[in-house]
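Here is a short briefing to read alongside the model. Take a moment to bring up the sequence and the structure, and then follow the points below.

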Amino acid sequence: MESYETEIRGKTYGIKCIKDLCGHSIEPYKIHGGKSVPIVNNHDQTKMCEGEFYAIETFGSTGRGHIAEDGEVSHYMRNFNAPPPGSRMAPRARALFDTIDKNFSTLAFCRRWLDQLGEERYLLPMRQLVDADIIRPYPPLVEAKGTYTAQFEHTILLRPTCKEVISRGFDY
């Protein structure tokens with residue numbers, strides 16, 4: 001990727017890999033399955049195995065190639081390993097958790113979807129669920145101001161004799 005450049009509005013930019021981000025294995029109802037697929041060689045010896053699904057992701061930037069969390073959180077995901085909130089958790093937080101669990105299970109969701117479900121005044125209960133590590137926040141990821149970024153992704157399944165791209169559509 002870094003051997004390429006792109007032209008945007010008449011200006012040519014070099015491209016850098018965003019080294020902080022990577023692809024990952026996918027398990028049922030667990031979008032980040034535990035195994036990482038780095039975009040750059042990090043000498044990790046983890047092996048991919050037959051029957052596993054992976055999100056193969058590349059991230060490019062016209063900036064430094066590093067990201068940081070910045071901005072207001074709008075996306076969340078249930079901690080796959082966390083138990084439901086106990087009786088000590090505020091009733092409103094338990095009710096919010098029930099809505100999240102019923103509608104999204106352990107898949108990612110955004111606050112706009114909670115609004116569409118009719119949830120109101122949920123920021124404090126959400127904070128309680130986040131503080132208890134039952135729900136995990138995903139803040140926006142940003143590169144240096146004024147840079148451009150791009151992501152490309154495919155989902156693959158490792159079969160006995162091939163790697164099947166299962167996200168391939170008519171356009172690729």
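In β6, tyrosine 54 is the bridge partner of serine 25. That pair is a good place to start a walk through this predicted model, going from strand pairing to a buried histidine and then to the salt bridges.

**Around strand β4**

- Strand β6 covers residues 53-61, and three bridges join it to β4 in an antiparallel arrangement.
- Strand β4 (residues 22-26) also pairs with strand β5 (residues 36-38), again in the antiparallel sense and over three bridges.
- Within the pairing with β5, cysteine 22 has proline 38 standing opposite.
- As a general reminder for reading such pairings, side chains in a regular strand alternate between the two faces of the sheet.

**The three-stranded open sheet**

- In what order do the three strands of the open sheet lie? The order is β9-β8-β10, with antiparallel pairing.
- The edges are taken by β9 (109-110) and β10 (135-138); each has a single partner strand, so one side of each has no neighbour in the sheet.
- Helix α3 (residues 123-131) packs on this sheet and touches β8, β9 and β10. The direction of helix α3 makes about 105° with that of β10.
- Strand β8 (residues 75-78) runs antiparallel to β9, and two bridges join them.
- Tyrosine 76 has phenylalanine 109 in β9 as its bridge partner.

**A buried histidine**

- Histidine 154 sits in strand β12, which spans residues 149-158.
- Is histidine 154 buried or exposed? Its relative accessibility is 13%, and buried means under 20%, so histidine 154 counts as buried.
- The side chain of histidine 154 makes a polar contact of 2.5 Å with the side chain of serine 167.

**Salt bridges**

How many salt bridges are there? The count comes to eight, and three of them are described here, beginning with one that involves the segment before β1.

- *Glutamate 2 and lysine 19.* The closest N and O atoms of this salt bridge are 3.1 Å apart. Glutamate 2 belongs to the segment before β1 (5-8), while lysine 19 is in the loop between β3 (16-17) and β4, so the pair ties together parts 17 residues apart in sequence. Glutamate 2 is partly exposed at 41% relative accessibility, and lysine 19 is partly exposed too, with a relative accessible area of 38%.
- *Arginine 111 and glutamate 72.* Here the closest N and O atoms of the salt bridge are 2.8 Å apart. This pair links distant parts of the chain, 39 residues apart: arginine 111 is in helix α2 (residues 111-116), and glutamate 72 is in the loop between β7 (68-69) and β8. Arginine 111 counts as buried at 18% relative accessibility, whereas glutamate 72 counts as exposed at 57%.
- *Arginine 127 and aspartate 131.* These side chains meet in a salt bridge with an N to O distance of 3.1 Å. Both residues are in helix α3 and four residues apart, so about one helical turn separates them. Arginine 127 is partly exposed at 45% relative accessibility, and aspartate 131 is exposed at 58%.

**Where to look again**

- Helix α3 is a handy landmark: helix α3 packs on the open sheet, and arginine 127 and aspartate 131 lie within helix α3.
- Strand β4 is another, since β4 pairs with β5 and is joined to β6 as well.

Key
Residues numbered from 1 in each chain as written. Predicted model: local features only at pLDDT ≥ 70, side-chain atom pairs only at ≥ 80, totals over all residues. Heavy atoms only, no water. Pairing = 2+ DSSP bridges. Contact = heavy atoms within 4.5 Å. Axes fitted to C-alpha atoms, helices over the stretch in contact; angles between N-to-C directions. Buried < 20%, exposed > 50% of the residue type's maximum accessible area, 1.4 Å probe, protein only. Polar contact = N/O pair within 3.5 Å; in protein donor to acceptor, adjacent residues only side chain to side chain. Salt bridge = Lys/Arg side-chain N within 4 Å of Asp/Glu carboxyl O.
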